[in-house]
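Student: I'm new to this structure and would like some help reading it. Could we go through it one feature at a time?

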Amino acid sequence: MAASCCSTAVFSISRSQTRCRVVPATQLPQMNQPGLSFRAQRSLQARKSVRVSSHGDSRTAVVTGKSWDKLIIDSELPVLVEFYASWCGPCRMVHRVIDEISTEYSGRLKCFVLDADTDSQMAADYDIKAVPVVLLFKNGEKRDTVVGTMSKDFYVAAIERILAS
């Protein structure tokens, strides 16, 4: 089972926000892709320059199907689990927020991430159809679900409800 991304537009730029300027050909960057048009070469260069590792520099621990019971179900503290996919742009945005929350709630809440593509059985067990999805657990049972990309305040409010219950 492959999860789909719940949002396709991460950002947009309108024509009124773009600016063009004319520069001499000698000032253009040298391209080393023979046979490609200038536009195709620029597009290729732009794609290479915006690749981001979504979880490489993470402060949030990874949970898998094998470690699920030990880390999530048997946890003494409430637990937040972000289901993500490596190809999902909105997941990267949510992950940055979860990293911040993980630091701010250290000692009161455990935060984990789970790759829904790699651990598709766990995603199926919790009926995850699209990513990003954040599940909140307390005493081994799921208490709240946040689907999609939300503001940090939204996640914090859900966490505070779980901590107060």
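Student: Let me start with a small detail: which residue in S4 is the bridge partner of Val79?

Tutor: Lys110 is the partner of Val79 in S4. Before we go on, keep in mind that this is a predicted model. The Val79 pair belongs to a wider pattern, since S3 (residues 79-84) and S4 (residues 110-115) run parallel and are joined by 6 bridges.

Student: What is the order of the strands in the sheet?

Tutor: Read across the open sheet and you get S2-S4-S3-S6-S7, 5 strands with mixed pairing. S2 (61-62) and S7 (141-147) are the edge strands; each has a single partner strand, so one side of each has no neighbour in the sheet.

Student: In which sense do S3 and S6 pair?

Tutor: Those two are antiparallel, with 5 bridges between them. For a concrete spot to look at, find Phe83, which stands opposite Val133 in S6.

Student: And how many bridges join S6 to S7?

Tutor: There are 6, and S6 and S7 run antiparallel. Phe137, for instance, has Lys142 of S7 as its bridge partner. The hairpin of S6 and S7 has 2 residues between the strands, and Asn139 takes a positive phi near 55° there.

Student: How many residues of S6 are buried?

Tutor: The count is 6 of the 6, so S6 is largely enclosed by the rest of the structure. Try looking at its two faces separately. Val133, Leu135 and Phe137 are buried on one side, while Val134, Leu136 and Lys138 are buried on the other, and both faces are covered.

Student: Now the helices. What describes two packed helices?

Tutor: The general idea is to give the angle between their axes and the distance between the axes. Here, take H3 (residues 89-104) and H5 (residues 152-164): their axes come within 10 Å and cross at roughly 45°. That angle is why H3 is called oblique to H5. As for handedness, H3 passes H5 in a right-handed crossing.

Student: Which residues make the contact?

Tutor: On H3, look for Val94, Val97, Glu100, Ile101 and Glu104; on H5, for Lys152, Tyr155, Val156 and Ile159. Sorted by class, the contact of H3 with H5 has 6 nonpolar and 3 charged residues, and no polar ones.

Student: Which strands does H3 lie across?

Tutor: H3 lies across S3, S4 and S6 (133-138), and its direction is at about 160° to S3.

Student: Is Cys91 in H3 buried or exposed?

Tutor: You'll find Cys91 in helix H3, and it counts as buried because its relative accessibility is 0%. Leaving out residues up to four places away in sequence, Cys91 touches Glu82, Tyr84, Ala85, Val131 and Pro132. Take Pro132 as an example: it is 41 residues from Cys91 in sequence, but 5.2 Å away in space, C-alpha to C-alpha.

Student: Where does Asp119 lie?

Tutor: Asp119 sits in the loop between S4 and H4 (120-125). With 16% relative accessibility, Asp119 counts as buried, because the cut-off for that is under 20%.

Student: Which residues does Asp119 touch, not counting residues up to four places away in sequence?

Tutor: They are Val63, Thr64, Gly65 and Leu114. Gly65 makes a nice exercise in your viewer: Asp119 and Gly65 are 54 residues apart in sequence, yet 6.3 Å apart in space, C-alpha to C-alpha.

Key. Residues are numbered from 1 along each chain as its sequence is written. This is a predicted model: local features need pLDDT of at least 70, side-chain atom pairs count only at pLDDT 80 or more; totals for chains, interfaces and linings use all residues. Side-chain values use heavy atoms; hydrogens and water are left out. Axes are lines fitted to C-alpha atoms, for helices over the stretch in contact, and angles run from 0 to 180 degrees between N-to-C directions. Helices (H or I, at least four residues) and strands (E, at least two) are DSSP runs, numbered from the N terminus. Angles under 35 degrees count as roughly parallel, over 145 as roughly antiparallel, 65 to 115 as roughly perpendicular and the rest as oblique. A crossing is left-handed if the near helix is turned anticlockwise from the far one by less than a right angle, and right-handed if clockwise. Contact means heavy atoms within 4.5 Å. Ala, Val, Leu, Ile, Met, Phe, Trp, Tyr, Cys and Pro count as nonpolar, Asp, Glu, Lys and Arg as charged, and the others, Gly among them, as polar. Two strands pair if DSSP finds at least two bridges between them. Buried means under 20% relative accessible area, exposed over 50%, partly exposed in between (1.4 Å probe, protein chains only).
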